[in-house]
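Me: I am new to this structure and would like to learn how to read its features one at a time. Could you take me through them slowly?

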Amino acid sequence: MPLMRIDMVRGRSQAEIQKILDIAYQTASTALHLRPRDRYQIVTQHDPEEMIIEDVSLGFKRTTAFLMFSLTSSPRKVENKQTFYKLLVKNLHDQLGIAPTDVMINITTNRYEDWSFGDGEAQFLNGDLN
């Protein structure tokens, strides 16, 4: 899985945070074709004044329910990324009532040599992962 960081305003229950993580994982598994148990997610909660997310020109109204998904990933197909964007917003709205305008997603692509999952090895390069 890509490394998924989720920034949110402090105040959600543990159950809601877990649901957000599960929805994001299931959506990424489907859209980005992940392996089972390939899951790296980190939540960072902020006080409201620590997150300023203003729209440049799209007219989005943001609320304190805002979620910022920042993924670092090996290369993915454009159509898979677009599917992920659409499904994640839909699933969060359908299952938790989070407005689509309160979800922002950013994917930063890197290469296989940029990953070490442990033991000081580059598993994509040494053949442990393909």
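Reply: What follows is a guided reading of the sheet, one helix and a few single residues. This is a predicted model, in which local features need pLDDT of at least 70 and side-chain atom pairs count only at pLDDT 80 or more, while totals for chains, interfaces and linings use all residues. Residues are numbered from 1 along each chain as its sequence is written, and side-chain values use heavy atoms, with hydrogens and water left out.

Me: In what order do the four strands form the open sheet?

Reply: Strands (E, at least two residues) and helices (H or I, at least four) are DSSP runs numbered from the N terminus, and two strands pair if DSSP finds at least two bridges between them. Here the order is S2-S1-S3-S4, with mixed pairing, and the edge strands, S2 (40-46) and S4, each pair on one side only.

Me: Which strands run parallel, and which antiparallel?

Reply: S1 and S2 are parallel and share seven bridges, with Val9 partnered by His46 of S2. S1 and S3 run antiparallel and are joined by six bridges, and Leu3 has Thr72 of S3 as its bridge partner. S3 and S4 are again parallel, joined by seven bridges, one pair being Ser70 and Asn106 of S4. Between these two strands the chain passes through H2, and this β-α-β crossover is right-handed, a term meaning that, with the strands pointing away from the viewer, the path from the first strand over the helix to the second runs clockwise.

Me: Why is S3 described as largely enclosed?

Reply: A residue is called buried under 20% relative accessible area, exposed over 50%, and partly exposed in between, using a 1.4 Å probe and protein chains only. In S3, five of the seven residues are buried, so the rest of the structure largely encloses this strand.

Me: How far apart are the end C-alpha atoms of helix H2, and how does this compare with the expected span?

Reply: The expected span of a helix is 1.5 Å times one less than its number of residues. For the 19 residues of H2 (residues 78-96) this should give 27 Å, and the end C-alpha atoms are 27 Å apart, which agrees.

Me: Which residues of H2 are buried, and which are exposed?

Reply: The buried ones in H2 are Asn80, Lys81, Phe84, Leu88, Val89, Asn91 and Leu92. They cover an arc of only 165° around the axis, taken from the directions from the helix axis to the C-beta atoms, which puts them on the same side of H2. Val78 and Lys86, on the other side of H2, are exposed. Contact means heavy atoms within 4.5 Å, and what covers the buried residues of H2 includes S1 (3-9), H1 (14-31), S3 (67-73) and S4 (103-109).

Me: Where is Ala24, and what does it touch?

Reply: Ala24 is in helix H1 and counts as buried, at 0% relative accessibility. Leaving aside residues up to four places away in sequence, Ala24 touches Met4, Gln41, Phe69, Phe84 and Leu88.

Me: What sign does phi have in His33 and Arg37?

Reply: Most residues other than glycine have a negative phi. His33, however, has a positive phi near 60°, and Arg37 has a positive one of about 65° although it is not a glycine. His33 is in the loop between H1 and S2, as is Arg37. His33 counts as exposed at 59% relative accessibility, and Arg37 is exposed with a relative accessible area of 80%.
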